[in-house]
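Load the model and keep the selection panel at hand. The stops below go from the whole chain to single residues.

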Amino acid sequence: MPVTHLAFDVMHIDGQVLLRAPYARRRALLEDLDLAGPDAGVPPGFPGAGQAVLAASLQHGLEGMVLI
């Protein structure tokens with residue numbers, strides 16, 4: 001069965017630990033990695049409170065959400 005990896009965060013990059021970095025910075029670094037391809041990608045981000053993110057998830061037919 002084909003599998004696609006969707007990365008929503010990055011914890012380490014180029015030997016740098018990003019665990020204490022703000023999510024916005026980690027997300028920007030992740031998006032700069034250009035992971036788009038047939039087997040991997042970065043899903044769109046929907047900033048906001050829980051209800052707004054849930055509404056976006058339902059609108060776009062997403063399987064779930066990760067609240068940061």
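Helices, of at least four residues, and strands, of at least two, are DSSP runs, numbered from the N terminus. The model is predicted.

**Stop 1: the whole chain**

Select the protein chain and colour by secondary structure: two helices and four strands appear. Read from the N terminus, the order of elements is β-β-β-α-β-α. Along the principal axes, the C-alpha atoms of the chain fill a box of roughly 35 × 35 × 15 Å. The chain has 68 residues, and 19% of them count as buried.

**Stop 2: Tyr 23**

Select Tyr 23, which belongs to helix α1, residues 23–32. Is Tyr 23 exposed, partly exposed or buried? Its relative accessibility is 25%, so Tyr 23 counts as partly exposed, since that class lies between under 20% for buried and over 50% for exposed.

Now add Phe 8 to the selection and show the backbone atoms. The side chain of Tyr 23 comes to 2.9 Å from the backbone oxygen of Phe 8. Add Asp 9 as well: in sequence Asp 9 and Tyr 23 are 14 residues apart, while their C-alpha atoms are 7.8 Å apart in space.

**Stop 3: the largest pocket**

Keep Phe 8 selected and turn on a pocket display. The largest pocket has a volume of about 660 Å³. Which residues of its lining lie nearest the centre? They are Phe 8, Pro 43, Pro 44, Met 65 and Val 66, out of 21 lining residues. Two elements, α1 and α2 (50–59), give two or more residues to this lining. Helix α1 gives the most, with four residues.

**Stop 4: a nonpolar patch**

Select Met 11, Val 17 and Leu 19 and show the surface. Together these residues form a nonpolar patch with about 260 Å² of accessible area. Centre on Val 17, in strand β3, residues 16–17. With a relative accessibility of 52%, Val 17 counts as exposed, because the class begins over 50%.

**Stop 5: two aspartates with positive phi**

Open a Ramachandran plot beside the structure. Most residues other than glycine have a negative phi. What is the phi of Asp 14? It is positive, about 50 degrees, although Asp 14 is not a glycine. In the viewer, look for Asp 14 in the loop between β2 (12–13) and β3. Asp 14 counts as exposed, at 79% relative accessibility.

Next select Asp 34. Its phi is also positive, near 50 degrees, and Asp 34 is likewise a residue other than glycine. Asp 34 sits in the loop between α1 and β4 (40–41). Its relative accessible area is 61%, so Asp 34 is exposed.

**Stop 6: Ala 36**

Stay in that loop and select Ala 36, which is also found between α1 and β4. Is Ala 36 buried or exposed? At 68% relative accessibility, Ala 36 counts as exposed. To end the tour, select Leu 6 too and draw a distance between the C-alpha atoms. Ala 36 and Leu 6 are 30 residues apart along the chain, and the C-alpha separation is 9.3 Å.

Methods
Residues are numbered from 1 along each chain as its sequence is written. This is a predicted model: local features need pLDDT of at least 70, side-chain atom pairs count only at pLDDT 80 or more; totals for chains, interfaces and linings use all residues. Side-chain values use heavy atoms; hydrogens and water are left out. Buried means under 20% relative accessible area, exposed over 50%, partly exposed in between (1.4 Å probe, protein chains only). A polar contact is a pair of N or O atoms within 3.5 Å; within protein, one must be able to donate a hydrogen and the other to accept it, and residues adjacent in sequence count only if both atoms are side-chain atoms. Patches are made of residues with over 30% relative accessible area and no salt bridge: like charges are joined within 9 Å, nonpolar side chains (Val, Leu, Ile, Met, Phe, Trp, Tyr) within 5 Å. Accessible areas come from the Shrake-Rupley method with a 1.4 Å probe; for residues, only the protein chains shown count as cover. A salt bridge is a side-chain nitrogen of Lys or Arg within 4 Å of a carboxyl oxygen of Asp or Glu. On a 1 Å grid over the protein atoms alone, a cavity is a set of points where a 1.4 Å probe fits but cannot get out, and a pocket is an open set with protein on both sides within 12 Å along at least five of seven lines; lining residues have an atom within 4 Å of a point. Grid points are joined across faces, edges and corners, and a volume is the space filled by probe spheres set on the points.
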